[in-house]
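Thanks for making time this morning. I will go through one structure, and the sequence and model should be on the screen now.

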Amino acid sequence: MTSPARSIRWGAAAASTTYGVLLYLLGLRPDQELKYAFAYVPAVLGYLVLVFDKWAWRWPGVHRVTGHPRLDGTWRTTLTPSVESHIPVGGNRGPIHAYLTVEQSFWSLHATLRTAESSSRSSNATVDKTDGSGISELRFLYENIPQVAHQQRSPRHTGACRLSLAGRTPRSLVGRYYTDRFTAGDMELVLITRTTDYSTFAEVAAADATTP
């Protein structure tokens, strides 16, 4: 499924390209008359929207103005289930070692949490400022898909996370998770790298082991 932000980016790029090509075919060429350059301003703005969403909002000067928290990267995560959690016999009662990978543009965010037994993918992820204290919250729903070998004990389920953060470039997060299996717990996260190119828990763990 294509995210709304990605649809906006592709739409802006397609519209800008189409508009620019039509102007050129109609003979409105800046190399012939300088005044025609102003006709291309809407096309340029469309590309600027794309550049801002994907990259420019992270640039130090721009980032200082927008104040939008930067969360992209891979986070070492510790999950500590509460004692009231309905964990089946043989289940992991924690602490559970995991990694949260966050892919982020200015208008979109997607999180993938990996443990040795399962992976979770987010939906409806948002970053909200809770008050005037400078503290924000990362909130998202997720679907957890265990590996086949563990599905009898740990079936597929859904849940929600709420993580607190401070500042524009936080290096640590804390929060809680809740699931429809009547489990809940605390989460502690530490940023280990801005890289998000990992496919498995083992791959991230190996990279983490070699991180200075």
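By class, the residues lining the second largest pocket are 15 nonpolar, 13 polar and 4 charged. Please keep in mind that this is a predicted model. The volume of that pocket comes to about 540 Å³. Its lining is made up of 32 residues, and those closest to the pocket centre are Leu79, Ile96, Ser118, His157 and Arg181.

Where does the lining of the second largest pocket come from, in terms of strands? At least two lining residues each are supplied by strand 1 (73–81), strand 2 (96–104), strand 3 (109–114), strand 4 (118–129), strand 5 (135–146), strand 6 (157–166) and strand 7 (172–179).

Now the sheet. There is a closed barrel of 8 strands in the order 1-2-3-4-5-6-7-8, and the pairing is antiparallel. On average, neighbouring strands of this sheet are turned by 30° against each other, with direction ignored. Helix 4, residues 201–209, packs on the sheet and touches strand 1, strand 2, strand 3 and strand 8 (184–193). The direction of helix 4 makes about 95° with that of strand 2.

Let me take a few of the strand pairs. Strand 3 and strand 4 are antiparallel and share 3 bridges. The connection from strand 3 to strand 4 is a hairpin through 3 residues. Thr112 has Arg121 in strand 4 as its bridge partner. Arg121 also stands opposite Glu143, which is in strand 5. Strand 4 and strand 5 run antiparallel as well, joined by 10 bridges. Further round, strand 6 and strand 7 are antiparallel with 6 bridges between them. One residue pair to look up there is Cys161, whose bridge partner in strand 7 is Tyr177. As a general reminder, side chains in a regular strand alternate between the two faces of the sheet.

Next, three individual residues.

The first on my list is Thr74, which sits in strand 1. Is Thr74 buried or exposed? Thr74 counts as buried, because its relative accessibility is 0% and the cut-off for buried is under 20%. Leaving out residues up to four places away in sequence, Thr74 touches Tyr99, Leu100, Thr101, Val190, Leu191, Ile192, Thr193, Thr195, Thr196, Tyr198 and Val204.

Then Ser199, in the loop between strand 8 and helix 4. Ser199 counts as exposed because its relative accessibility is 58%, and exposed means over 50%. Its C-alpha lies 10.0 Å from that of Thr101, with the two positions 98 residues apart in sequence terms. Thr101 is also among the residues that Thr74 touches.

Last, Ala184, which belongs to strand 8. Ala184 has a relative accessible area of 12%, so it is buried. How far apart are the C-alpha atoms of Ala184 and Ser82? They are separated by 5.9 Å, although the residues are 102 apart along the chain. Ser82 is also one of the residues that Ala184 touches, along with Pro81, Ser85, Arg176, Tyr177 and Tyr178, again not counting residues up to four places away in sequence. Tyr177 has come up before, as the bridge partner of Cys161.

That covers the pocket, the barrel and the three residues. I can take questions now.

Definitions and conventions
Residues are numbered from 1 along each chain as its sequence is written. This is a predicted model: local features need pLDDT of at least 70, side-chain atom pairs count only at pLDDT 80 or more; totals for chains, interfaces and linings use all residues. Side-chain values use heavy atoms; hydrogens and water are left out. On a 1 Å grid over the protein atoms alone, a cavity is a set of points where a 1.4 Å probe fits but cannot get out, and a pocket is an open set with protein on both sides within 12 Å along at least five of seven lines; lining residues have an atom within 4 Å of a point. Grid points are joined across faces, edges and corners, and a volume is the space filled by probe spheres set on the points. Helices (H or I, at least four residues) and strands (E, at least two) are DSSP runs, numbered from the N terminus. Ala, Val, Leu, Ile, Met, Phe, Trp, Tyr, Cys and Pro count as nonpolar, Asp, Glu, Lys and Arg as charged, and the others, Gly among them, as polar. Two strands pair if DSSP finds at least two bridges between them. Axes are lines fitted to C-alpha atoms, for helices over the stretch in contact, and angles run from 0 to 180 degrees between N-to-C directions. Contact means heavy atoms within 4.5 Å. Buried means under 20% relative accessible area, exposed over 50%, partly exposed in between (1.4 Å probe, protein chains only).
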